Every structure is written in C-alpha cells, then in structure tokens.
Amino acid sequence: MKIIFISGARPNYMKIAPMIWEIQRLKKQGVADIQFVLIHTGQHYDPQLFDVFFRDLDLPAPDYSLDVGSGSHTYQTAQIMERLEPILQKETPELVVVVGDVNSTVAAALTASKLGIPVAHVEAGLRSFDRTMPEEINRLVTDTLSDYLFVSEESGKENLLREGVDPGKIFFVGNVMIDSLQQSRYLWESSRIHDEMDLRQREYGVVTLHRPSNVDNPARLRAIMGALAEVSKNIPIIFPIHPRTRKQLEQMNGSTPSLRLRSGRIEANGVYGLEPLGYHDFMALVAGARIVLTDSGGIQEETTFLNVPCLTLRPNTERPVTVTHGTNRIIGTSPAAIVEEAARILKSPRPELPAPPLWDGRAAERILIVLREKLECPSASV
Ligand code: UD1
C-alpha cells in the first residue's frame, strides 16, 4: 500500500507526524509495510515555519517539494494543483492523506479527486459557519471530496451528518495533534526556553496572532496591541510573531513591541516580541503559561489538553469542544473584553479538566487501523 501525505503550512506538520511515526512503528514491528511519500507544497517556506518543525518532529525530508511560495489563494491553490498532478500520476498511490484546513489541503484534495485517487481528510467536519474565513471554504470543499473523514471531536461528526455525508465514511478517531504533544512530551519538557528567557512557570502569558481578519486590518491590530499592552501591566506577555503579522506591525511602526531575540531575558512586565519558535520551545512556553491569547485553531486545542486558560480573539470557533470541555473562551477582539477576560483569568485558580473524548495520544493508531482495513490489509486488528 502506498500513501501520499501532503504538508503545506506550519499547523500541518504536527498532524502528519504521528501517522508517519505509526507507519514506522508498524514496519519496525513487522506488522505492516506501508510505503509513504511526503510532499511539501512550499506554502510555508521560511526555515522558522518549516525546517525547524520537520527537525523537531523528526519528520523525514519531503520526497517532493512543490515550492509554490506565497501568493493569492487562487494562485497558491492553482499552482499546487498544477505541480502536484504529474507527481500523483507518476506515484499512483492508493490514497492521498490531507490534514487541517489550509490552501494546500484543499488543493491536494481537489487534484487527487480529479485523478480518481481516494482522499482521506484528517481533522474533518470542523465548522466555524463563517465563510469569510478562508479555512472554512477549504474545510467544506475538502470534506465534500474526501472518501475517509477522520474526525477529532463530536461536533465534526454532527456537522458531516447534517451535511448529508455517508456515515460509513466518518470515523471519530480523536485528535492527532494531541498525539504529537503527548508523544514528544519528554522533548518539549526538556526545552531550555524558560531558563534562556528567565521565565518562571505560570508567571507569564503567551500571545499568537496571524488571522488575516485580525492582522491585515491596521485599526484592529492596533486595538489588539493596545489591549495586550494593558494586560501586560500585570504579567509579561511573550509574543512569537508570525511573518504575516510581523509585516503588518513593521508597517505600523511605533506601536510594535520591540523584537527581541530568543535568548533575550524577560526583566519586567511588557509585551515581548520574538521570532517564531520551533515546536518544542513553543509547546514548553504554552504549557508553562498562566494565560494564552490567540487567534489560532490548534492552540485552542493544545491549551485545552494542557489545562492552560485560553482566550480566543475571534468571533467564533470551529473547535467547540475546547469551550464545552475545555479551557477556551471565545471573546472577539474588543479591547475591553480582552482586558476584562484576562484580568478574570489572572485572578482565577488554574483549571483542571479531563481531556475531551479520544484526545489520548492514539488517534494516528486508530486512523491506520481504519486505513489498513479499508485498503485491504487483512491482518489489521485493533
Ligand atoms: C496559513 C493558513 C492558515 C494557518 C496558517 C498558520 C491558509 C488559507 N491559511 O496562513 O490557515 O493557520 O498558515 O501559520 O492556508 N510568509 C512568509 N514565510 C512563509 C510563509 C508565509 O514570510 O514561509 C508570509 C508571506 O508574506 C505570505 C504571508 O506570510 O504572504 C501569509 O502566508 P500564507 O501561507 O498565505 O497564509 P498564512 O497567514 O501563513
């Protein structure tokens, strides 16, 4: 059996890694010999958004790099399709596996479907019900085209059933990102970032921002930065800055946090901008934080699993289990709400909640069992 994995952008790598580790484990134990091919589209190409993660997650170098780079959504999607098609024709895999909701996800799903190659979507069924969000379009199209829909939380299954997806295609397997977090715990727990920055556990906050709706609008970004400055009067805020956000902040010079190097020490309250961090350092930072403020999807889930209070600076979430079973609150971007909610968290005890169902570090194992059964490996067993 030959499987092709598609990676495109930073949040994809920690979703693919556990499946590759599982394939390697099955091979080592002599249980199954699944051939895999890894294709990186090049949607993210900066070493800080690509190489560091492949290294931290012990992913093999991609077999193919499509080098599409940045551009409009149409350009990126079309370029990926054009460059991917001949590779899929040459490799003739039994299955293409796509993860998450980035442009690379939808482009690969579309290319494979057009060639009649079955598609598996990992993290299927999530819906923000907000079609102004580019990722929502990517999720809807990818799920429509997929043959195997691997779901990370109950809402995903409900959404797909409501949309009329054949229940036989839906598999509630849990969250592969939590597999990565669990299985590399010993590595991120030994990160030196706290020592390097002179940070003590639970005495700092972490912020990440990269959504176009927040960072491409200077007035909104300025308002959020103002609120963060207010919050940082009570606790230092560490802000690893995404390239998209950095570009905007540089254009709004004057209201940017000074960009300090990773080795910089935190000496006082304030907002400390950093270069993007690798997976281990970032997870160590999040796990030790008193509070996280973010507009990311994945960080809502990682904080839920780690019992770190999270404020999501968006009007909605496609990951409702992080709110109903977890530590997440959806608060939008009004400065008053950010300041008020952060103050509330800083006064409250740390939550202790059980992980959502099937967020147990074994999602990739379940996915491989399904795939081996479906792609006719009779020896597969639970
Ligand atoms: C993409 C995904 C988003 C995901 C995010 C994680 C889509 C629609 N968006 O958003 O879902 O949460 O990745 O980071 O797929 N850039 C660099 N270096 C890079 C890549 C990008 O400097 O390696 C800059 C470019 O100027 C580019 C901008 O960042 O224009 C945005 O990159 P892009 O891939 O278009 O979207 P992201 O905002 O990263």
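Visitor: What makes helix H13 count as mostly covered?

Guide: Helix H13 takes in residues 279-287, and nine of its nine residues are buried. They are Tyr279, His280, Asp281, Phe282, Met283, Ala284, Leu285, Val286 and Ala287. One thing to say right away: this is a predicted model.

Visitor: And what does the chain as a whole contain, in helices and strands?

Guide: You'll find 17 helices and 13 strands. Across the 382 residues of the chain, buried ones make up 59%.

Visitor: How do you know that the radius of gyration agrees with a compact globule?

Guide: Set the two values side by side. A compact globule with 382 residues would have a radius of gyration near 21 Å, and the chain has 20 Å, so the two agree. Along the principal axes, the C-alpha trace spans about 60 × 40 × 40 Å.

Visitor: Which share of the contacts joins residues at least 24 apart?

Guide: Take the contacts between residues at least 6 apart in sequence: 68% of them join residues at least 24 apart.

Visitor: What about the surface and the charges?

Guide: The chain exposes about 15700 Å², with carbon and sulfur atoms supplying 50% of that. As for charges, there are 41 positive and 47 negative side chains, and the centres of the two sets lie 3 Å apart.

Visitor: Let's go residue by residue. Why is Gly8 called buried?

Guide: Buried means under 20% relative accessible area. Gly8 has 0%, so it is buried. You can look for it in the loop between strand S1 (2-7) and helix H1 (10-28).

Visitor: Which residues does Gly8 touch, leaving out those up to four places away in sequence?

Guide: Tyr13, His40, Thr41, Gly42, Gln43, His44 and Ser104. For a sense of distance, Gly8 and Leu249 are 241 residues apart in sequence and 25 Å apart in space, C-alpha to C-alpha.

Visitor: Is Asn234 buried or exposed, and how do you know?

Guide: Exposed means over 50%. Asn234 has a relative accessible area of 59%, so it is exposed. This residue sits in the loop between helix H11 (218-231) and strand S9 (237-240).

Visitor: What does Asn234 touch beyond residues up to four places away in sequence?

Guide: Asn269 and Leu346. Leu346 is 112 residues away from Asn234 in sequence, yet their C-alpha atoms are 8.6 Å apart.

Visitor: What makes Thr317 count as buried?

Guide: Here the relative accessibility is 13%, and the cut-off for buried is under 20%, so Thr317 passes. Thr317 belongs to the loop between strand S12 (310-312) and helix H15 (321-324).

Visitor: Which polar partners does the side chain of Thr317 have?

Guide: One is the side chain of Gln300, in a polar contact of 2.6 Å. Another is the backbone nitrogen of Arg319, 2.9 Å from a polar atom of the Thr317 side chain. Setting aside neighbours within four places in sequence, Thr317 is in contact with Arg127, Ser128, Gln300, Val323 and Ile330.

Visitor: Why is Glu135 called buried?

Guide: With 14% relative accessibility, Glu135 is under the 20% limit, so buried is the right word. Glu135 is part of helix H5, residues 134-145.

Visitor: What makes the pairing of Glu135 and Arg211 a polar contact?

Guide: A polar contact needs a pair of N or O atoms within 3.5 Å. The one joining the side chains of Glu135 and Arg211 comes in at 2.9 Å, so the distance fits. Not counting residues up to four places away in sequence, Glu135 touches Asp101 and Arg211.

Visitor: Which phi value does Asn307 have?

Guide: A positive one of about 60°, although Asn307 is not a glycine. Leu358 is not a glycine either, and has a positive phi of about 65°.

Visitor: Where do Asn307 and Leu358 lie?

Guide: Asn307 is in the loop between helix H14 (298-306) and S12. Leu358 is in the loop between helix H16 (335-347) and helix H17 (363-374).

Visitor: How do you know that Asn307 is buried and Leu358 partly exposed?

Guide: Asn307 has 14% relative accessibility, under the 20% cut-off, so it counts as buried. Leu358 has 30%, in between the 20% and 50% limits, so it counts as partly exposed.

How values were computed:
Residues numbered from 1 in each chain as written. Predicted model: local features only at pLDDT ≥ 70, side-chain atom pairs only at ≥ 80, totals over all residues. Heavy atoms only, no water. Helix = DSSP H or I, 4+ residues; strand = E, 2+ residues; numbered from the N terminus. Rg over C-alpha atoms; globule rule 2.2 N^0.38 Å. Buried < 20%, exposed > 50% of the residue type's maximum accessible area, 1.4 Å probe, protein only. Contact = heavy atoms within 4.5 Å. Areas by Shrake-Rupley, 256 points an atom, 1.4 Å probe, with all protein chains shown as cover. Lys, Arg positive; Asp, Glu negative; His and termini not counted. Charge placed at Lys NZ, Arg CZ, Asp CG, Glu CD. Polar contact = N/O pair within 3.5 Å; in protein donor to acceptor, adjacent residues only side chain to side chain.
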